[in-house]
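Work through the exercises below with the structure open beside you. Try each task before reading its solution.

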Amino acid sequence: MRIVEIFLSRQGEGLSTGVESTFIRVGGCNLRCSFCDTPYASWENEEGEDLSVEEIVGRAILFGCRHVVLTGGEPMLYSEMIPLTRQLRQRHLIVTIETAGTLEIPVECDLMSISPKLSNSIPQEASGPILRLHESNRYRPEVVRHLVDHYEYQLKFVVDEPEDLLEVDEYLVHLGAVAADRVLLMPMAIDLATMREKAEWIVAYARKKGYRYCPRMQIEWYGNKRRT
Ligand code: SF4
């Protein structure tokens with residue numbers, strides 16, 4: 001499995017915000033989101049190295065951290081995730097998987113952090129094949145439903161404009177029942193000023209619907225930097 005980087009940081013988004021974690025970032029993704037902040041891992045080039053499951057576990061445990069986040073790229077692209085997550089949990093590590101919710105394999109984890117992509121993710125400037133790839137893979141509510149039904153979960157939506165909030169609600173109607181407080185609304189922002197500006201209308205909507213506002217605390221703590 002191609003691993004781009006393994007590093008120690010604090011989780012900046014979602015229910016585990018502030019928790020020190022070892023991040024294992026896989027390479028490759030089946031989407032091409034317009035706002036992707038990890039193109040170096042997702043499709044831009046072939047960064048990283050191919051490691052066996054045992055090598056990944058060996059490097060991850062060197063950080064001595066109880067929480068492990070499997071991120072990408074798209075971790076669910078790899079069948080090796082099945083033995084990797086099993087081995088991490090056998091070592092009593094607490095595992096989060098960050099996925100766009102377009103693929104399902106029988107992994108083990110303590111939190112499935114699902115980020116379904118709205119239409120604001122469509123790479124409008126991209127060429128035909130890239131657009132087609134993105135749009136053929138992006139919308140998979142049946143996969144998200146399966147993940148929600150089988151794992152502890154959070155549903156994290158990236159919102160850019162107030163109209164995106166209506167799309168979130170439409171998505172949730174198609175998805176079926178979920179706990180409102182597991183729905184997280186995260187501003188599309190890579191700087192503090194933009195994040196705070198969008199927070200005003202996102203927080204108001206989250207309060208009205210019982211959702212959570214999900215700031216990107218890594219921006220607050222470190223700025224828009226890699227390995228955070
Ligand atoms: S799913 Fe995530 S990693 Fe993949 S292109 Fe979209 S933002 Fe980037």
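**Exercise 1: A loop and a cis bond**

Gly73 is found in the loop that runs between β4 (67-71) and α3 (81-90). The model is a predicted one.

Task: State which residue is joined to Gly73 by a cis peptide bond, and find Gly73 in the surroundings of the ligand.

Solution.
- Step 1. The cis peptide bond joins Gly72 and Gly73, and its omega is about 10°.
- Step 2. The ligand is surrounded by Cys29, Leu31, Arg32, Cys33, Cys36, Thr38, Ser42, Trp43, Gly73, Ala100 and Lys117. Gly73 is therefore one of the residues around the ligand, where a heavy atom within 4 Å is required.
- Step 3. By type, the shell around the ligand has six nonpolar, three polar and two charged residues.
- Step 4. The ligand takes up the space of the largest pocket.

**Exercise 2: Buried or exposed**

Task: Decide for Ser9, Ala179, His92 and Lys208 whether each is buried, partly exposed or exposed.

Solution.
- Step 1. Take the cut-offs: buried is under 20% relative accessible area, exposed is over 50%, and partly exposed is in between.
- Step 2. Ser9 is part of strand β1 (residues 2-10). Its relative accessibility is 9%, so Ser9 is buried. Beyond four places in sequence, Ser9 touches Val19, Glu20, Ser21, Phe23, Tyr222, Arg227 and Thr228.
- Step 3. Ala179 belongs to the loop between α6 and β8 (183-187). With a relative accessible area of 32%, Ala179 is partly exposed. Its C-alpha atom is separated by 29 Å from that of Leu192, 13 residues apart along the chain.
- Step 4. His92 is in the loop between α3 and β5 (94-99). A relative accessible area of 63% makes His92 exposed. His92 also has a positive phi of about 65°, although it is not a glycine.
- Step 5. Lys208 is in helix α7 (residues 192-209). At 64% relative accessibility, Lys208 is exposed. The C-alpha atoms of Lys208 and Ile6 are 39 Å apart, with their positions 202 residues apart along the chain.

**Exercise 3: A residue in a strand**

Task: Describe the surroundings of Val95.

Solution.
- Step 1. Val95 sits in strand β5.
- Step 2. Its relative accessible area is 0%, so Val95 is buried.
- Step 3. Leaving out residues up to four places away in sequence, Val95 touches Val68, Leu70, Thr85, Leu88, Arg89, Glu108, Cys109, Asp110 and Leu111.
- Step 4. One of these, Thr85, is 10 residues apart from Val95 along the chain, and their C-alpha atoms are separated by 7.3 Å.

**Exercise 4: The nonpolar cores**

Task: Which residues of the largest nonpolar core touch the most other members, and which helix gives the largest share of this core?

Solution.
- Step 1. The largest nonpolar core has 46 residues, of which Met81, Leu84, Met112, Phe157 and Leu185 touch the most other members.
- Step 2. Helix α6 (residues 163-175) gives the largest share of this core, five residues.
- Step 3. Apart from this core lies another, of five residues, including Val158, Leu184, Met186 and Cys214.
- Step 4. Take Leu84 as an example: outside its neighbours within four places in sequence, Leu84 is in contact with Met1, Val53, Ile56, Val57 and Leu70.
- Step 5. As background, nonpolar side chains in soluble globular proteins tend to be buried together.

Notes: Residues numbered from 1 in each chain as written. Predicted model: local features only at pLDDT ≥ 70, side-chain atom pairs only at ≥ 80, totals over all residues. Heavy atoms only, no water. Core = buried A, V, L, I, M, F, W, Y, C linked by side-chain atoms within 4.5 Å. Buried < 20%, exposed > 50% of the residue type's maximum accessible area, 1.4 Å probe, protein only. Helix = DSSP H or I, 4+ residues; strand = E, 2+ residues; numbered from the N terminus. Contact = heavy atoms within 4.5 Å. 1 Å grid on protein atoms, 1.4 Å probe; cavity = no way out; pocket = protein on both sides within 12 Å on 5 of 7 lines; lining within 4 Å. Sits in = over half its atoms within 2 Å of the grid points. Nonpolar A, V, L, I, M, F, W, Y, C, P; charged D, E, K, R; others polar.
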